[in-house]
Amino acid sequence: MTDPSARPWRDLTDPRRARDVDDLEAGLKEPEFENLEIPEELGTVDVVVDDHKIKRYAFTHDDHHPWHLAEGPFDGRRVGHAGLLGNDLVQLFTLVYAGSRVVGYHTEEQMWFDSPAHLDEVVTLHGTYTEAYRRRGEGYVVMDATATGADGRSVVRHRGVEILKTVPGAIGGRGSAAPERRVTGEVPPDARVVEALGPDVRAGDVLAPLHKTVTAEQAAVFSRIGEYVRNIHNDIDVARAGGLKVPIVQGQQQFGLLAQLLTLRSGPSFLTSGWLRVKFLAPLEVFEPFALTGVVTEVTPVDDGLRVDLEVWARRDADDRLITAGWAAVTVPAA
């Protein structure tokens with residue numbers, strides 16, 4: 001889940017790093033709904049957006065865009081991917097709770113993209129559990145978190161919803177988070193397919209799809225295998241104990257792929273004015289091909305360009321099932 005270079009509270013250069021995970025998590029709370037304290041501060045950590053972190057994320061998402069690996073679109077400096085810090089924010093709970101004993105299910109993710117993180121910048125993360133509730137026999141928890149740049153500016157803001165402890169094979173199969181504003185993933189056959197959201201964008205335009213397959217290796221690296229953490233995304237035995245056939249792709253990784261799609265289609269604007277909210281509807285197994293796309297629902301002139309609102313989604317190729325669905329917005333130049 002979280003990049004080792006982004007976890008200063010667990011030093012993987014320490015020769016003792018291969019110790020039993022129980023030693024590493026000594027003193028942390030058991031991840032049970034009954035142990036939540038709302039509101040609950042999860043702490044503050046500093047993350048270095050270094051070369052390793054960017055390249056690691058590029059591998060897990062197969063996103064080797066030159067903005068991240070060579071020259072950025074603003075002042076020439078390399079910048080991190082839109083979703084680079086998302087999993088670090090999600091993983092703030094491991095400052096308080098034993099992460100290796102979580103068998104949860106991420107149901108909803110929302111992020112506001114305010115500014116890019118630059119290569120070698122130190123970004124400060126802070127998170128809080130702000131709400132907890134029960135629904136359909138499951139205990140849900142809501143986290144609000146922020147990533148702030150070295151100069152005090154907002155980089156990204158996060159709001160996520162997760163079932164703290166469950167049987168993922170059962171909850172994932174029943175579509176646990178149906179969107180309240182239903183995203184069908186259907187578009188007219190004669191809709192205009194666009195590679196870029198430009199000044200001529202109009203409602204009904206469909207984003208050229210992004211086709212992906214997340215390998216077991218990519219899922220494992222994204223889901224903290226380098227930190228000696230075993231979970232349903234990086235270990236087949238844990239996955240099967242949770243009622244799954246094979247490891248599944250973490251919701252936050254799917255979220256990052258939708259952010260990649262939106263960055264490709266709207267350009268640098270997504271890193272400074274983007275918003276993305278998704279709900280995870282069905283599990284995606286490693287090595288399952290799928291496609292991500294979206295449709296423009298509204299275009300509104302604003303002071304600094306055109307605000308473009310969209311519905312976005314991902315579908316499995318094998319059965320055409322909608323696995324992730326949500327909404328996005330970005331402000332693009334009007335000329």
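Begin by selecting D144, which is partly exposed, with a relative accessible area of 25%, and keep in mind as you look that the structure on your screen is a predicted model. Now add R159 to the selection: D144 forms a salt bridge with R159, and the closest N and O atoms are 2.8 Å apart. The pair links distant parts of the chain, since D144 lies in strand β4 and R159 in strand β5, 15 residues apart. Like its partner, R159 is partly exposed, here with a relative accessible area of 29%.

From D144, widen the selection to the whole of strand β4, residues 138-148, and then to strand β3, to which β4 is joined by 11 bridges in an antiparallel arrangement. These two strands form a hairpin with 2 residues between them, and if you select R136 in the turn you will find a residue with a positive phi of about 55 degrees.

Next, select H126 in β3 and look to each side of the strand. In β4, the residue that stands opposite H126 is T146, while T44 is also opposite H126. To see the strand on that other side, select β1, residues 40-48, which is joined to β3, residues 122-135, by 8 bridges, the two strands running antiparallel.

Stay with β3 and select R134, which forms a salt bridge with E34, the closest N and O atoms being 2.7 Å apart. Here R134 belongs to strand β3, whereas E34 sits in the loop between α1 (21-24) and β1, so that the pair links parts of the chain that are 100 residues apart. With a relative accessible area of 48%, R134 is partly exposed, and E34, at 57%, is exposed.

Now move to strand β2, residues 105-113, where 8 of the 9 residues are buried. Which strands should you show beside β2? One is β5, residues 154-163, joined to β2 by 8 bridges and running antiparallel to it, with E109 standing opposite G160 in β5. Another is β9, residues 274-280, which is antiparallel to β2 and joined to it by 6 bridges, and there Q110 stands opposite R277.

For the next stop, select E186 and R315, whose side chains meet in a salt bridge at 3.1 Å, N to O. E186 lies in the loop between α5 (168-173) and β6 (193-194), and R315 lies in strand β11, 129 residues apart. Is each partner buried or exposed? E186 counts as exposed at 57% relative accessibility, whereas R315 is buried, with a relative accessible area of 13%.

Finally, select R192, D200, R202 and D205 together, which are linked in a network of salt bridges.

Notes
Residues are numbered from 1 along each chain as its sequence is written. This is a predicted model: local features need pLDDT of at least 70, side-chain atom pairs count only at pLDDT 80 or more; totals for chains, interfaces and linings use all residues. Side-chain values use heavy atoms; hydrogens and water are left out. Two strands pair if DSSP finds at least two bridges between them. Helices (H or I, at least four residues) and strands (E, at least two) are DSSP runs, numbered from the N terminus. Buried means under 20% relative accessible area, exposed over 50%, partly exposed in between (1.4 Å probe, protein chains only). A salt bridge is a side-chain nitrogen of Lys or Arg within 4 Å of a carboxyl oxygen of Asp or Glu.
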